[in-house]
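Subject: Structure handover

Hi,

Here is the structure for you to look over. Please open it first, then read my notes below.

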Amino acid sequence: MFSGVAYCADCGAKLYYCTSKSFETRQDHFVCYTSRKKGKEVCATHFIRAVVLEEMVLWHLQYVTSFVTAYEDIFRKKMNAKHNADLKKQTALRRKQIAQAERRITELSRLFKRMYEDNISRKLNDIRFEELSNDYEMEQSDLESELEQWQSELTEQEQHADDVERFFSKCRQYTNLTELTPTILNYLVSKVFVEAPDKSAGTE
Ligand SMILES: [Zn+2]
């Protein structure tokens, strides 16, 4: 379950899972990929038994999730404050991009109209007209799909409140955890270990 998730603290390489039919479960272990392949001189041997790693991570999860559960209000406030600051920046940027794209789409329609008139009056030959209109059409359809994506991003950001509450409900659920599963590990590695420290809520 820790394969691909555990890394060496010194060199940053992945930890390499070692198991064998002749091993008992408690003998399965992880070693640093660098020290295994390139030698101890490059990265000193780092070794941890899988059961020890599991126990430590489980303990840490219980600790972190019970901490989050105990200080839920502070965490909620912090998460919302950070979200609002990020959101303001992001929303402003998206709004600007949307306005620019809309302006360009209008401009393209105007250019196309002029080009069409020039073609009718023979100022622009048919081959050139064909080329230019293909370019304009392509640019317009790219812009339209970008517009659609940006607008749906703006909608997604409004779901933040639901995400926060889902996070707290998971934390309450995991406080009494007795066994790790890959699903729980994946969820919490992305949410608790990566995101929570960044909220710096623990400093209050
Ligand atoms: Zn290493």
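Below are my notes on the metal site, then the sheet and a helix.

One caution first: this is a predicted model.

**Zinc site**

Four sulfur donors coordinate the zinc ion: Cys8 (SG), Cys11 (SG), Cys32 (SG) and Cys43 (SG). The distances run from 2.3 to 2.4 Å. The angles between the four donor atoms span 96 to 118°, so the arrangement is tetrahedral. Tetrahedral here requires all angles to lie between 85 and 135 degrees. Along the sequence, the donor spacing reads C-x2-C-x20-C-x10-C.

Where do Cys32 and Cys43 sit? Cys32 is in strand S2, while Cys43 is in the loop between helix H1 (33–38) and S3. The pair therefore ties together parts that are eleven residues apart in sequence.

Are these two buried or exposed? Cys32 has 0% relative accessibility, so it counts as buried. Cys43 is buried too, at 4%. The cut-off for buried is under 20% relative accessible area.

**Sheet and helix**

Three strands make an open, antiparallel sheet in the order S1-S2-S3. S1 (15–18) and S3 (47–49) are the edge strands. Each has a single partner strand, so one side of each lacks a neighbour in the sheet. From one strand to the next, the twist averages 25°.

S1 and S2 (residues 29–32) run antiparallel and are joined by four bridges. Cys18 stands opposite His29 in S2.

Helix H2 (residues 50–70) lies across S1, S2 and S3. H2 runs at about 75° to S3.

Best wishes

Definitions and conventions:
Residues are numbered from 1 along each chain as its sequence is written. This is a predicted model: local features need pLDDT of at least 70, side-chain atom pairs count only at pLDDT 80 or more; totals for chains, interfaces and linings use all residues. Side-chain values use heavy atoms; hydrogens and water are left out. Two strands pair if DSSP finds at least two bridges between them. Helices (H or I, at least four residues) and strands (E, at least two) are DSSP runs, numbered from the N terminus. Axes are lines fitted to C-alpha atoms, for helices over the stretch in contact, and angles run from 0 to 180 degrees between N-to-C directions. Contact means heavy atoms within 4.5 Å. Donors are N, O and S atoms within 2.8 Å of the metal (3.2 Å for Na, K and Ca); water is not among the atoms, so sites may look incomplete. Four donors count as tetrahedral if all angles lie between 85 and 135 degrees; four count as square planar and six as octahedral if opposite donors are over 155 degrees apart and all others between 65 and 115; anything else is irregular. Buried means under 20% relative accessible area, exposed over 50%, partly exposed in between (1.4 Å probe, protein chains only).
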